[in-house]
Amino acid sequence: MDNHLWFVLATSAILLSAILILYRTTTRPSNSLPSGSLGWPLLGETLEFISCAYSDRPESFMDKRRHLYGKVFKSHLFGSPTIVSTDAEVSKFVLQTDGKVFVPSYPKSLTELMGKSSILLINGSLQRRVHGLIGAFFKSPQLKAQITGDMHKYVQESMGNWREDHPIYIQDQAKNISFQVLVRALVSLGPGDDMDFLKKQFQEFIAGLISLPINVPGSRLHRSLQAKKKMVVVINKIIQAKRKSGISEVAEDVVDVLLKDESEKLTDELISDNMIDLMIPGEDSVPVLMTLAVKYLSDCPPALQQLTEENLKLKKLKDRLGEPLSWRDYLSLPFTQNVITETLRMGNIIVGVMRKAMKDVQVKGYLIPTGWCVFTYFRSLHLDENFYDWPHQFNPWRWQDKEMSNISFSPFGGGQRLCPGLELARLETSIFLHHFVTQFRWVAEADSIVNFPTVRMKKRMPVYVKRRRQL
């Protein structure tokens, strides 16, 4: 009798447990926090992420966790619990969702240097207004024509001084050219003492974007903040001079565009801060794009040959017609554009963006809790073999039959914060490559790519050039 009772009780307990398990399984919310590890207290997994970023395979941090947890996982990076997305659909959702749901979230050193008025950090209608004004001006035929003329001038000046018996450091040359071109587009400043001063201070400023958030005299962050203050003085003088002389009806630069707007929110402080922030592509991303294109072409002779033939053909045609090349000519070269696109995919100049969730968000079966960061990691998308055959191989021909506007390709971000200068970056790179390949042959020294804190060439891409015969 006792044995029978124990059997009944045991059987009942097993059945009850099975029912509870089944109930919990069927009633559990479909959206739950992604799997993953938060790592060490306070430090999280930041040190391992940085260590991998300095290696030859910076994506190894993500690959390891993708294998363990899937394409979306939790971590703890740069002082914040973080949902990392290497999933194309999740990343697209985050980038295109309204700013009331996700707001920018970056390391403290960067936010301090950028300031509250930066287009990278402001939100809502103000961000949309500033982004729209700048984006429309950057797309204007007037500015593209100016950029084309300035690029031609500075490229010819730079390349005219190159010597065949000395190494040419491509990254340095590209920085000097693109910074001057961009500063003129922003504030109409030409060569001279103010330009030299801005460039020197800007190099000091940008060095602290990713640094320890310690603002004491002598620290990297403090020196960068002091450099920004000196730059603001120069920009404010330009703004006040424009206000005093009257704003031109036809905007000549970005300052004109913002000053012409009647919104009281577009203060002089906001304008000067954003002029400095918008100089970053001229010192960082655009020169790196040019440099990486030269590196990949140096390592891929068939691509270099086809690009050279395409550009020489255009040059001969224009010389025969007696016409200068227009911005439309440069952007009309299909293989050159494929080379730039493949360089953006391989180089991953912008590795990803960070956002903070302002409320609980559910996407594709995952929960992103309020206050957590989301890191949309572009590099994993661009090197995903599910989207790209032989993803680590430089292959510009892959873009002949592939649309650039797809969810697996986000070199300039996306949504309402899509980089407004993406067309100008392509234009400047096209012009640089055209003049380089039509004027020179070269041999490149071995160099390696450094991926942290920003993408750059370790030796600044040294090449030995030999001038081509005149056509």
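Just after helix α17, asparagine 348 takes a positive phi of about 50°, and that residue is a good place to begin a tour of this predicted model. The helix before it, α17, covers residues 334–347. From there we can step back to the whole chain, then visit its nonpolar core and a second helix, α7.

**Helix α17**
- The 14 residues of α17 reach 20 Å from the first C-alpha to the last, close to the 20 Å expected at 1.5 Å a residue.
- Because 13 of those 14 residues are buried, α17 is largely enclosed by the rest of the structure.

**The chain as a whole**
- The chain has 471 residues, and 52% of them count as buried.
- Its secondary structure is made up of 19 helices and twelve strands.
- Taken along the principal axes, the C-alpha atoms fill a box of roughly 110 × 55 × 40 Å.
- Among contacts in the chain with a separation of 6 or more, 72% are accounted for by residues 24 or more positions apart.
- The accessible surface comes to about 23,100 Å², and carbon and sulfur atoms hold 56% of that.
- There are 59 positive and 49 negative side chains, yet the centres of the two sets lie 1 Å apart.

**The largest nonpolar core**
- In soluble globular proteins, nonpolar side chains tend to be buried together.
- Here, the largest nonpolar core has 104 residues, with Met275 and Phe436 making the most contacts inside it.
- Helix α8, residues 170–187, supplies the largest share of this core, with ten residues.
- Setting aside neighbours within four places in sequence, Met275 is in contact with Leu186, Val187, Ile235, Val254, Val255 and Leu258.

**Helix α7 and lysine 153**
- Helix α7 runs over residues 141–160.
- Its 20 residues reach 28 Å from the first C-alpha to the last, close to the 28 Å expected at 1.5 Å a residue.
- An α-helix has 3.6 residues a turn, so residues three or four places apart point the same way.
- The buried residues of α7 include Leu143, Ile147, Asp150, Met151, Tyr154, Val155 and Ser158.
- Lysine 153 also lies in this helix, and it counts as partly exposed because its relative accessibility is 39%, between the 20% limit for buried and the 50% limit for exposed.
- Lysine 153 and glutamate 428 are 275 residues apart in sequence, but their C-alpha atoms are 12 Å apart in space.

Key: Residues are numbered from 1 along each chain as its sequence is written. This is a predicted model: local features need pLDDT of at least 70, side-chain atom pairs count only at pLDDT 80 or more; totals for chains, interfaces and linings use all residues. Side-chain values use heavy atoms; hydrogens and water are left out. Helices (H or I, at least four residues) and strands (E, at least two) are DSSP runs, numbered from the N terminus. Buried means under 20% relative accessible area, exposed over 50%, partly exposed in between (1.4 Å probe, protein chains only). Contact means heavy atoms within 4.5 Å. Accessible areas come from the Shrake-Rupley method with a 1.4 Å probe; for residues, only the protein chains shown count as cover. Lys and Arg count as positive and Asp and Glu as negative; His and the chain ends are not counted. The place of a charge is taken as NZ of Lys, CZ of Arg, CG of Asp or CD of Glu. A nonpolar core is a set of buried Ala, Val, Leu, Ile, Met, Phe, Trp, Tyr and Cys residues joined through side-chain atoms within 4.5 Å. The expected span of a helix is 1.5 Å times one less than its number of residues.
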